[in-house]
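Trainee: Could we go through this chain together? I would like to learn how to describe it.

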Amino acid sequence: MSEEISIRVGKSVSAIKQAFTDNLAYVQGRFSPVASVNDYYMALAYTVRDHLMDYWTKTAKTYFEKESRTVCYFSAEYLLGPQLGSNLINLGIYQNVKIAMTELNLNLDELIAEELEPGLGNGGLGRLAACYMDSLATLNIPAIGYGIRYEFGIFNQEIRDGWQVESTDKWLCYGNPWEVPRPEIAFSIKFGGRTENYIDGTGRYVVKWIPDRIVRSVAYDTPIIGYKANTANFLRLWKAEACESFDFQAFNIGDYYGAVHEKMSSENITKVLYPNDEPLAGKELRLEQQYFFASSALQDMIRIYLQREKNLDQFAKKYTVQLNDTHPAIGIAELMRLLIDEYEYAWDKAWEITCKVFNYTNHTLLPEALEKWPLALFARLLPRHLEIIYEINWRFLKKVKAKYPDDISRIRRMSLIDESDERYVRMANLACVASSKINGVSELHSKLLAKEVLKDFYELWPDKFSNKTNGVSPRRFLLLNNPRLADLITETVGGRWLKDLSQLQELTEHVNSGCIQAEWQQIKRKNKQDLANIIAKQIGVILNPDSLFDIQAKRIHEYKRPHLNLLHVIALYNRLRQNPNLTITPRSVIFSGKAAPGYYKAKLIIKLINSVAEVVNNDPKVKDQLKVVFYPNYNVKNAQWLFAACDLSEQISTAGKEASGTGNMKFALNGALTIGTLDGANIEIREEVRAENFFLFGLTANEVEELWAKGYRPETYINANQELREALELIMSGYFSNGDKNLFKSIVDELKYHDEFMLCADFASYLKCQEQVATEFADTKLWTKKSILNTARMGKFSSDRAIREYCADIWQIQPVKIV
């Protein structure tokens, strides 16, 4: 290795300092007296990127030489979080970089905090994809992540007068040092138009798609390094561009808007994460996004494959595609189109290849979340794909009719086309028909898929179905997010847990150690003080770090029931208000999460939380025994403070509604105790940590179903529970809305007259469970022991474990060591 190269990728303090200084001068064009914090951050990021590029080129060369089978992960979301700290840890150079920055009179923590978070995801789906990319590299599994390079990510959330206000996430405003533009890797993506068919000279039936619009997709790559591994895979995100960015003819005749119209129209496709899809224009753009990245990815895979091969006969041996929910399912029809129309494969051979390539992960139990597209929209935007879907459907339904000849309702349910009212294309059905394997993401979720959501497909192909419980990266969500606790764990049981999370089990041998308990308590209190300081600075509310930090942090949705949590807060407040001499376990209730911009009820719940907080926090009768806070702009960066500081993790969705959840895993991994229903991965967490270390309440999924069948009447539960009735009456009275009795009326009316998510049915059980929480939190030694056991028994919930299961059961792929 030459001296220059050794400095660029050297891991010593002196080499890092030299590389950093060079990048500050030669990349940023700055020197110390005039450089900004962002200049320093960028210089350090480029220094770290040199290390990534070194591993990446070696990895790519090895994969090419060994013709490695490759996982292609198709996801519309990747919520990576800030990358500097994570890359330093995975490269094993965190401490040396920290020393180097200190010697240069810089603070590494400040540089890490300078990084803007790429908000390329909405929540758990995107964060799961990011964890899986981390684990794939850590486990030396050849992989490419394919997605969309949104110019503007998920909105930044501000709270004004208690309401959520969305502002633009300009994550690219200062550039992105982690990505590598690949302008030479670009493809034509067609939209609209019509098809023509004819018989060619060989007697072959040929369909030609004549689009009315073509967009250019351009690749941007981000290397993903494994933890203390030599493997660097990559995330390839696609940006939309116009084929011709400037129309000189239009410009010359004075049509200045028309001169750039194509550029603006084309670039809209990757302009923003998840447009509001309530209006038709929003639906159209969302479908365009999904097809755009699926087609780009498949054309790219074919391009790579044909570098070595002459045809696509063995394409399925080289690649296995995992569809992260239904968003990329249009890729099934696109691969068929490419094979048949572009590479002249017969239908049967094309279908054989396609079915071997694709696998499908379902992430929802909510019927409205199973994507379907209006047929008229689909026909206008993707006419050739609709023809292919019709053909797939015709052939598939012939098989269904053969097996169930008299079951017309089953045939209608399984059809790829929903014929009721406005006709729709059902993307989940398409994914089920074409995928080799189908999986849910928790044991309960997978059972409910087989029993309810995908019941017909399970009965037809039971061998396709399996469960792959979600997992999280312990590097990101414990080592990076909670370094104090990570250091204590490593000092106690060694560092093997970072690659084998089951090693945390060794902590159980130390659970009764007074020394370990004392350190555990000190670390938790310091983490709580950190969060309290941030909240005091940002929101102006002072929290007591010795109070119970009761946290619900997740996307705001009615089925996740933040308003059940809030009803408990109001019940506690009523007790304190009605009895000024009452003493309770001090509690700081912290909410955090974003509501979809078009989801008014969720935004109204945020307003209600903030309205309750304003009253409670300013009422002298409470005597600081109860505080309520809404912590804004929940994202990966802000979440780290919540996970590390949490005492009680609220996982209180209606049983049978949450597919898995991963926030529940992150909180428990950091030593929080969970209060929750038997929903999603809560069930498995409770099994692992043991029932006595989990606060269980509420109806089961079966009981929810039975209660609806009997005729659920929420007013029965309201009339039977004085505290619930008084809480609802206080909201309705205008007490939390300056006398406005109408502001929150829709929330109360929903609970009184319908209560789709059964808050009223679960309220009494929830209150009783919260009383047990308060009692046990007052016993510091008992609570600390349970906290340690929660962390110790979270080994199952590593994303490494999940990826190993995918490799063995679905992808049939082996690790490839990079020397």
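Mentor: We shall take the whole chain, then one pair of helices, then two residues.

Mentor: This is a predicted model, in which local features need pLDDT of at least 70 and side-chain atom pairs count only at pLDDT 80 or more, while totals for chains, interfaces and linings use all residues. Residues are numbered from 1 along each chain as its sequence is written, and side-chain values use heavy atoms, with hydrogens and water left out.

Trainee: How many helices and strands are there in the chain?

Mentor: The chain has 34 helices and 22 strands. These are DSSP runs numbered from the N terminus, with helices being H or I of at least four residues and strands being E of at least two.

Trainee: And how compact is the chain?

Mentor: Its radius of gyration is 27 Å, close to the 28 Å from the globule rule for 819 residues, so the chain is as compact as a globular protein of that length. The radius is taken over C-alpha atoms, and the rule is 2.2 Å times the number of residues to the power 0.38. The C-alpha trace spans about 95 × 75 × 65 Å along its principal axes.

Trainee: What percentage of the residues is buried?

Mentor: Buried residues are 60% of the 819. Buried means under 20% relative accessible area, exposed over 50%, and partly exposed in between, with a 1.4 Å probe and protein chains only.

Trainee: Changing topic, at what angle do H32 and H33 pack?

Mentor: Helix H32 (residues 759-777) and helix H33 (residues 780-792) pack at about 110°, with axes 7 Å apart. Axes are lines fitted to C-alpha atoms, for helices over the stretch in contact, and angles run from 0 to 180 degrees between N-to-C directions. H32 is therefore roughly perpendicular to H33, a term for angles of 65 to 115 degrees.

Trainee: Which residues make that contact?

Mentor: H32 contributes Val773, Glu776 and Phe777, and H33 contributes Thr780, Leu782, Trp783 and Lys786. Contact means heavy atoms within 4.5 Å.

Trainee: What about Met758, what is its phi?

Mentor: Phi of Met758 is near 55°, a positive value in a residue other than glycine. Most residues other than glycine have a negative phi. Met758 lies in the loop between helix H31 (745-753) and H32, and counts as buried because its relative accessibility is 1%.

Trainee: Is Glu67 buried or partly exposed?

Mentor: Glu67 counts as partly exposed, at 44% relative accessibility. Its phi is also positive, near 50°, and its place is the loop between helix H3 (37-66) and strand E1 (70-74).

Technical notes: Parallel < 35°, antiparallel > 145°, perpendicular 65-115°, else oblique.
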